[in-house]
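Open the model in a viewer and keep the sequence panel beside it. The stops below say what to select next and what is there.

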Amino acid sequence: LNPSGVSGRSDGMLNLKWQAADLQDLTAEGNVRLNSRQYGTAQTTVKIANKSASFDIRANAMDLAIRARLTTRLDQMLAGNFKELRANVNGTIRPLSSAVYERLGTVNISANGAFRDNLLTVRDIRARSKGSDVSDVTFQVNLVSRHIRGRIPQVRIALGDLAPDVMGTANLAADINGTIDRPTASFMGSSTGIDIGSTHIDDVRLDGTLANDPAGVRELRGTLSGTVHPLANGGTQDAAGKPVPGFESIRASATGTFRDNIVTVEKIEAESSATNLSDATLQVNLNDKRIQGRIPQIRIDLSAISPEILGATNLTADIEGTIDQPTATFTGFSSGVDIGSNHIDSIDLEGTFANNDLRVIRLEARQADGILSANGHANLTTEQLQAEFAVSDLKVVQVTDLSATVFANGQVGGTFRSPDIDFSGELRDVVYQQEAHGTIRVEGKTNLATVTVRANSDK
């Protein structure tokens with residue numbers, strides 16, 4: 001057999017038995033097998049008895065293991081009325097081990113259907129898996145024109161069913177149209193709260209469409225927005241144990257496309273009281289998990305982080321690697337920063353990120369002839385720090401009655417929350433209250449809570 005519209009081969013058998021002329025005692029047993037590159041393999045066992053028919057379906061298609069039972073009464077058909085056929089369906093759908101949605105587990109499904117005048121109508125479609133469920137779905141197929149129409153009023157997704165480190169619930173709704181070969185859909189979604197590790201996201205909104213592009217390739221497009229609170233659940237803090245100001249809430253939005261198992265996110269925008277990001281892009285290949293992205297500019301207003309700092313800094317970044325092992329290179333600059341009464345003419349930064357390690361290759365700050373240079377790295381998993389810095393020819397002129405030139409170097413260890421800093425250096429050509437003191441040599445250590453300093457002078 002070669003059913004119309006199915007690229008594959010089917011075969012089967014059906015044994016029928018009856019004695020009554022009106023077929024009221026009809027019984028039957030049989031099976032049908034289908035092998036198709038497009039739809040996979042399927043086997044259906046047919047049983048008829050007591051004016052009822054049951055079809056037990058077992059199929060592996062589209063990375064899914066499908067098990068279902070369709071039951072229907074044959075009273076009207078046996079009475080010679082073939083205008084309408086009604087049936088109930090119950091079963092399970094289980095993602096195979098190779099499917100990207102394997103964590104979803106077994107999905108229990110049920111539905112009621114009717115077939116009349118070449119129109120298949122399925123109502124009360126329900127599905128449940130773990131904490132996720134779908135209810136009251138309707139779907140209609142015209143087998144002559146092959147047009148489809150459907151409505152999904154609500155899909156509730158427990159996000160922890162898909163990813164163990166994500167907590168929260170998302171709600172989706174959709175309208176379905178098009179044809180069997182070219183389905184289309186429009187959908188919308190929302191969530192009042194999602195927690196990913198230490199990050200909380202609320203006011204999530206999603207709008208999108210499913211359609212075929214001019215080449216006939218199925219394409220999913222959408223716009224996503226929400227407010228990110230990266231420090232809400234005990235996340236990154238400053239050295240004093242307080243959330244970093246300016247990053248408590250970040251409003252973000254983006255547009256995305258899913259095509260050929262590739263996710264492309266564009267027009268990524270993010271804004272908080274301390275930062276602004278615009279026109280970033282990110283592409284994820286779900287086949288090999290490769291990622292590639294570009295952030296053309298992140299502008300950080302330093303005064304939002306601390307009122308004692310005036311000025312702004314700009315960053316750019318390129319992202320590569322994989323979903324599991326992302327990497328990045330970044331650069332930054334500032335054309336002027338005031339920290340209290342101290343003015344810094346310029347700041348330049350270069351760095352990388354790989355294997356959860358943030359590395360600053362070069363940090364250079366200039367004030368007239370003075371230079372501060374530093375490099376180091378921080379492990380974002382263990383929070384361990386390792387860095388070194390040097391100061392040369394830095395003029396001290398902002399302190400009343402004091403002038404000097406600073407030369408120093410040091411090392412930083414410990415962690416984000418408890419850094420250990422060792423330093424040593426010289427204050428040359430020291431003049432205090434118009435009295436010359438020559439060179440003062442200092443060495444010491446600090447953890448930003450306490451400072452120990454030893455100093456000696458030529459005088």
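Is Asn314 buried or exposed? The model is a predicted one, and in it Asn314 is buried, because its relative accessible area is 12% and the cut-off for buried is under 20%. Select Asn314 to begin; this residue sits in strand S20, residues 309-321. Leaving aside neighbours within four places in sequence, Asn314 is in contact with Gln297, Ile298 and Arg299. Thr331, Gly332 and Phe333 also contact Asn314.

Next, select Gln292, which is found in strand S19, residues 291-301. Add Leu282, which is 10 residues away from Gln292 along the chain. The C-alpha atoms of the two are separated by 5.7 Å. Not counting residues up to four places away in sequence, Gln292 touches Thr281, Leu282, Gln283 and Ile319.

**The nonpolar cores**

Now select Ile152, Leu159, Ile176 and Ile194. These four have the most contacts inside the largest nonpolar core, which has 16 residues. At least two residues of this core come from each of strands S9 (132-142), S10 (148-158), S11 (166-178), S12 (183-191) and S14 (199-212). Stay on Ile152 and show its surroundings: beyond the neighbours within four places in sequence, Ile152 is in contact with Val134, Val137, Ala173, Ala174 and Ile176. Another core, of 14 residues, lies apart from the 16-residue one. To find it, select Leu277, Ile295, Ile298 and Phe330, which are among its members. Ile298 has already come up on this tour, as a contact of Asn314.

**Strands S15, S16 and S17**

Colour strand S15 (residues 218-229) and strand S16 (residues 250-259). The two run antiparallel and are joined by 10 bridges. For one of the pairings, select Val228, whose bridge partner in S16 is Ile250. Then add strand S17, residues 262-271, which runs antiparallel to S16 and is joined to it by 8 bridges. Here Arg251 has Glu271 in S17 as its bridge partner. S16 and S17 form a hairpin with 2 residues between them. Zoom in on Asp260 in that turn, where phi is positive, at about 55°.

**Salt bridges**

How many salt bridges does the model hold? The count comes to 24. Side chains of opposite charge can pair when their charged atoms come close.

Return to Arg251 and show its side chain together with that of Asp203. They meet in a salt bridge, 3.2 Å from N to O. Arg251 lies in strand S16 and Asp203 in strand S14, so this pair ties together parts that are 48 residues apart in sequence. Arg251 counts as partly exposed at 36% relative accessibility, and Asp203 also counts as partly exposed, at 35%.

Move along S16 to Arg259, which forms a salt bridge with Glu219; the closest N and O atoms are 3.7 Å apart. Because Arg259 lies in strand S16 and Glu219 in strand S15, the pair ties together parts that are 40 residues apart in sequence. Arg259 is partly exposed, with a relative accessible area of 27%, whereas Glu219 is buried, at 14%.

Then select Glu426 and Arg428, whose side chains meet in a salt bridge at 2.8 Å, N to O. Glu426 is partly exposed, with a relative accessible area of 23%, and Arg428 is partly exposed as well, at 34%. For a linked set, select Arg128, Asp133 and Arg156, which form a network of salt bridges.

**A nonpolar surface patch**

Switch to a surface view and select Met77, Phe82, Leu85, Phe115, Leu120, Leu143 and Ile180. Together these residues make a nonpolar surface patch of about 580 Å². Leu85, one of them, lies in strand S6, residues 84-95. Its relative accessible area is 32%, so Leu85 is partly exposed.

**Two loop residues with positive phi**

Where is Lys130 placed? Lys130 is in the loop between strand S8 (119-129) and S9. Its phi is near 50°, a positive value in a residue other than glycine. Lys130 is exposed, with a relative accessible area of 53%.

The last selection is Glu383, in the loop between strand S26 (370-379) and strand S27 (385-396). Glu383 has a positive phi of about 65°, although it is not a glycine.

How values were computed:
Residues numbered from 1 in each chain as written. Predicted model: local features only at pLDDT ≥ 70, side-chain atom pairs only at ≥ 80, totals over all residues. Heavy atoms only, no water. Helix = DSSP H or I, 4+ residues; strand = E, 2+ residues; numbered from the N terminus. Buried < 20%, exposed > 50% of the residue type's maximum accessible area, 1.4 Å probe, protein only. Contact = heavy atoms within 4.5 Å. Core = buried A, V, L, I, M, F, W, Y, C linked by side-chain atoms within 4.5 Å. Pairing = 2+ DSSP bridges. Salt bridge = Lys/Arg side-chain N within 4 Å of Asp/Glu carboxyl O. Patch = residues over 30% accessible without salt bridge, like charges linked within 9 Å, V, L, I, M, F, W, Y side chains within 5 Å. Areas by Shrake-Rupley, 256 points an atom, 1.4 Å probe, with all protein chains shown as cover.
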